[in-house]
Amino acid sequence: MMAVWTSPLPKSLTKIQPSVSILYTPSLTLLSKKQRIPLNHFFNACSSPLLENSPTDLQPISLKQSPVTDFIISNKLIRSLCEDPQTETLALEYYKKAREKQNLVPNSKTLTTLFTKLLKSKQWVSLAYLIEDLKSLDVIPFNSTCSKLVMACIKGKKFKLMESFLRVLETREGDAATSAFSSAMRGYNKLHMYNSTILVFNYMRDASQPLDSECHRSMMEACNAIGNTNMVLSLFHEYKCSKFDPNNGATEIYTVVCDSLAKGGKAVEALRCMREMEKEGLNCNSSIYSSLISSFIAKKEVIMVEDLYNEALEKGMMKDPDIFLKLILMYVEIGLMEKTITVVKEMNDAGVRVSDCISCAVVNGFAKKRGLKPSIRAYNQLISVGCEPGQVTYSSILNICCRLGYYQKAELIFSEMIEKGFDKCLIAYSNMISMYGKNGRASEAMKLLAKMKQKGCQPNVYVYNSLLDMHGRLMKVRQVEKLWKEMQRRKIKPDKISYTSAISAYSRVGELDECMRLYKEYKSSGGKVDRVLAGIMVGVYSRNSRYDELIEFLREVKQEGTELDRRLYDSVMNRFNDAELRVHARWLQNNFGFTEDKT
């Protein structure tokens, strides 16, 4: 099983508790001598079977007999073979023969050329041979090639091959080892293998490898990703004490620190870090502003949010749509709705696309805080400033128009949706069918049902409920029956509204037995009776003169905790009085009161 740096973090990493202050942080000692990870333990860490299938790539290569043994093979010859596409496949074979028969000592340029060609064709077995051969040589490829080899191994999940190469480099002088280890940490971070990054960093310390600013940044990014803000601050203090070149990645390091503080809920400290960065003569970037604004939004500190937002706008640093969305949601929450429109206009001025999610947040925010009609005015304002509504925004405004009874506008918006390709939106179809149902436009509703099926949009229980209610009001029970069977065929489970609509439809045409059948089916499925269904069933029992069953029904209603309103109570009492059932009327009077219907 191939080794990879995926072991659990050493306890020493979790025991460091530096001060939160950036200016006064104690010096960092990541690992004492007793706590350092032994090299054998490090390289024999468990690997994931998902990353490498077998270690066969690292077995020695059997060399075929080559006819080329009677002339001297030089470094220049090998490089020239690599440069010619027709002979590049022979380059490694000549290199092997020269090493075995002529004791060729390759130079860095030759090794760089060979490694580059093999990396390009991903010949991992041949690369393993070269890495093994490096152990007996005093030369290594150029630094850039070493970094490329490490990154390629990580990308290709050849972790054991990479570790073998790093073992070779750690004993060599120069910057190659630092560059390669730094590349390994960057590669692990890209794969979100943050624990492996931390282990590599600690291994460099254990092997007394020099740590540059790039190593610190990769380590800080890993600690930030796992939420270890204290570790980030400790590394940042060490970075400042090391007096690295401020032009070499300092902005990125400050960005990591600010982001870590902001995510950790330390917005003021993050702001202080940004101001310190500016004093150092470094320019802030949009990521820092995004982190700070998000942190202050979470704390609902509106003044600080607006100050930073305006500062970022003036500097052209507001480029993240997510921050605009968070800002709009903050204004919605505190009721400053007009400012949401202002933010959208500023997005357009900054060249940031107003997403469908942002448009929908504005429209729904107005509907929630100001009402339905103001939300339509807000929608029109968004259109006037050039916003392009998407499926979610169209669905929201369509629902609002239907609720207000603006049916003609709803149809126009729905047609616009279809023209723009949003022809599979279930919510939009449901709203339109419901609207047609409330207006008794059965023909348009059924045509729309057929159209949505044709588009591959499967109707749900809410669509069928609208159709059942519509046909029930029109007393078209055969259509109700047809829709009910279609629901069963599509395995759409009817809910309380479905049963109420169907029972009401059969009650209107006097098919009382069907009402009783559906009610029993509803009860057997665990359904509970509300006032609407109770009122319908009172009428069904009364028309059938099943007063004893009506009494039993009312007992069940009472046991379920459903109260009768004044209208339903009077209806039952009148039924009993008309039938001269004084005992039943007295029972009702003694066992039931009624609640006033506030609506």
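## A pair within one helix

Let's start in helix H26, which spans residues 477-489: Arg478 and Glu481 both sit there, three residues apart, or about one turn of the helix. In this predicted model, the two residues form a salt bridge, with their closest N and O atoms 3.2 Å apart. Side chains of opposite charge can pair when their charged atoms come close.

## Glu481 has another partner

Which residue besides Arg478 meets Glu481 in a salt bridge? The side chain of Lys485 does, at 3.4 Å from N to O. Lys485 and Glu481 are four residues apart in helix H26, so about one helical turn separates them.

How open are these two residues to their surroundings? Glu481 has a relative accessibility of 26%, so Glu481 counts as partly exposed. Lys485 is partly exposed too, with a relative accessible area of 46%.

## A bridge between two helices

Now for a pair that joins separate helices. Lys315 and Glu278 meet through their side chains in a salt bridge of 3.4 Å, N to O. Lys315 belongs to helix H16 (residues 302-315) and Glu278 to helix H14 (residues 267-279), so this pair ties together parts that are 37 residues apart in sequence.

Lys315 counts as partly exposed, at 45% relative accessibility. Glu278 is also partly exposed, and its relative accessible area is 27%.

## Networks and the total

Salt bridges can also join up: Arg186, Glu214, Arg217 and Glu221 are linked in a network of them. How many salt bridges are there in the model? Counting a Lys or Arg side-chain nitrogen within 4 Å of an Asp or Glu carboxyl oxygen, the count comes to 33 salt bridges.

Key
Residues are numbered from 1 along each chain as its sequence is written. This is a predicted model: local features need pLDDT of at least 70, side-chain atom pairs count only at pLDDT 80 or more; totals for chains, interfaces and linings use all residues. Side-chain values use heavy atoms; hydrogens and water are left out. Buried means under 20% relative accessible area, exposed over 50%, partly exposed in between (1.4 Å probe, protein chains only).
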